[in-house]
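Welcome! Here is a short guided tour for someone meeting this structure for the first time. Please have the sequence and the model open side by side as you read.

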Amino acid sequence: MCRIGADSDADIDDDSHSDGKANTDKLMSRNDSQCFRAAKWCRDKGASWYLPALNELKAIYNNKDKINNSLTKVGARYLLGYYWSSTEGSEFCAWYVSVYNGSTLDYNKYYNYYVRAVSAF
């Protein structure tokens, strides 16, 4: 069961703005990790995959033209919309990045935005 409140372990302290792997590792070590669908989806791709932190998503935005050109060449879906980060704003909010204009905002975790898994290699 996924609950947020006084009887849950909701304060995950995943507030790193630059280390998405550490944030994802913390989320996946929790008893209720299944509640963090974005991070779980990324990790399910393999142990090296993670939900990027806010600054990592900003770097993706800053290089989106090159990334989109590469994605288009291999027939993959290009960057579009708003992407969740693993950086929390509060118990109920996490940061996202808009690839339209690079804006960032901490917003309610229960909204549906895109997720981009990344892996260091």
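Helix 3, residues 54–62, gives the most to the lining of the largest cavity, with three residues. Please keep in mind that this is a predicted model. The cavity comes up first below, followed by the sheet, the salt bridges and one buried leucine.

**The cavity**

- A search of the whole structure finds one cavity of 30 Å³ or more.
- The volume of the largest cavity is about 30 Å³.
- To find the largest cavity in the model, look for its lining residues: Leu-57, Ile-60, Tyr-61, Leu-79, Tyr-83, Val-97, Val-99 and Arg-116.
- By kind, the residues of this lining divide into seven nonpolar, no polar and one charged.
- Among the lining residues is Val-97, which you will meet again in the sheet, where Val-97 stands opposite Thr-104 in strand 4.

**The sheet**

- Three strands make up an open sheet, with the order 2-3-4 and antiparallel pairing.
- Strand 2 and strand 4 stand at the edges, each with a single partner strand, so one side of each has no neighbour in the sheet.
- From one strand to the next, the twist averages 40°.
- Strand 3, residues 93–98, is mostly covered, as five of its six residues are buried.
- As general background, side chains in a regular strand alternate between the two faces of the sheet.

**Strand 2 with strand 3**

- Strand 2, residues 82–88, pairs with strand 3 in the antiparallel sense over four bridges.
- These two strands form a hairpin, with four residues between them.
- To follow this pairing by eye, start at Trp-84, which stands opposite Tyr-96 in strand 3.

**Strand 3 with strand 4**

- Strand 4, residues 104–108, pairs with strand 3 in the antiparallel sense over five bridges.
- Here too there is a hairpin, with five residues between strand 3 and strand 4.
- In the turn of that hairpin, Gly-102 has a positive phi of about 80°.
- Two places help you trace the pairing: Val-97 stands opposite Thr-104 in strand 4, and Ala-94 has Tyr-107 of strand 4 as its bridge partner.

**The salt bridges**

- How many salt bridges does the structure hold? There are four of them.
- Lys-21, Asp-25 and Arg-43 are linked in a network of salt bridges.
- Within this network, Asp-25 forms a salt bridge with Lys-21, and their closest N and O atoms are 3.4 Å apart.
- Asp-25 and Lys-21 are four residues apart in helix 1, residues 20–28, so about one helical turn separates them.
- Lys-21 counts as partly exposed because its relative accessibility is 33%.
- Asp-25 also forms a salt bridge with Arg-43, with the closest N and O atoms 2.9 Å apart.
- Asp-25 lies in helix 1 and Arg-43 in helix 2, residues 37–43, so this pair ties together parts that are 18 residues apart in sequence.
- Are the two partners buried or exposed in part? Asp-25, at 31% relative accessibility, counts as partly exposed, whereas Arg-43 is buried, with a relative accessible area of 16%.
- Another salt bridge joins the side chains of Asp-44 and Lys-40, at 3.0 Å from N to O.
- In that pair, Asp-44 is exposed, with a relative accessible area of 56%, while Lys-40 is partly exposed, with a relative accessible area of 29%.

**A buried leucine in helix 1**

- Leu-27 has its place in helix 1.
- Leu-27 is buried, because its relative accessible area is 4% and buried means under 20%.
- How far apart are Leu-27 and Ser-86 in sequence and in space? They are 59 residues apart in sequence and 8.9 Å apart in space, C-alpha to C-alpha.

Notes:
Residues numbered from 1 in each chain as written. Predicted model: local features only at pLDDT ≥ 70, side-chain atom pairs only at ≥ 80, totals over all residues. Heavy atoms only, no water. Salt bridge = Lys/Arg side-chain N within 4 Å of Asp/Glu carboxyl O. Buried < 20%, exposed > 50% of the residue type's maximum accessible area, 1.4 Å probe, protein only. 1 Å grid on protein atoms, 1.4 Å probe; cavity = no way out; pocket = protein on both sides within 12 Å on 5 of 7 lines; lining within 4 Å. Points joined across faces, edges and corners; volume = space filled by probe spheres on them. Nonpolar A, V, L, I, M, F, W, Y, C, P; charged D, E, K, R; others polar. Pairing = 2+ DSSP bridges. Axes fitted to C-alpha atoms, helices over the stretch in contact; angles between N-to-C directions.
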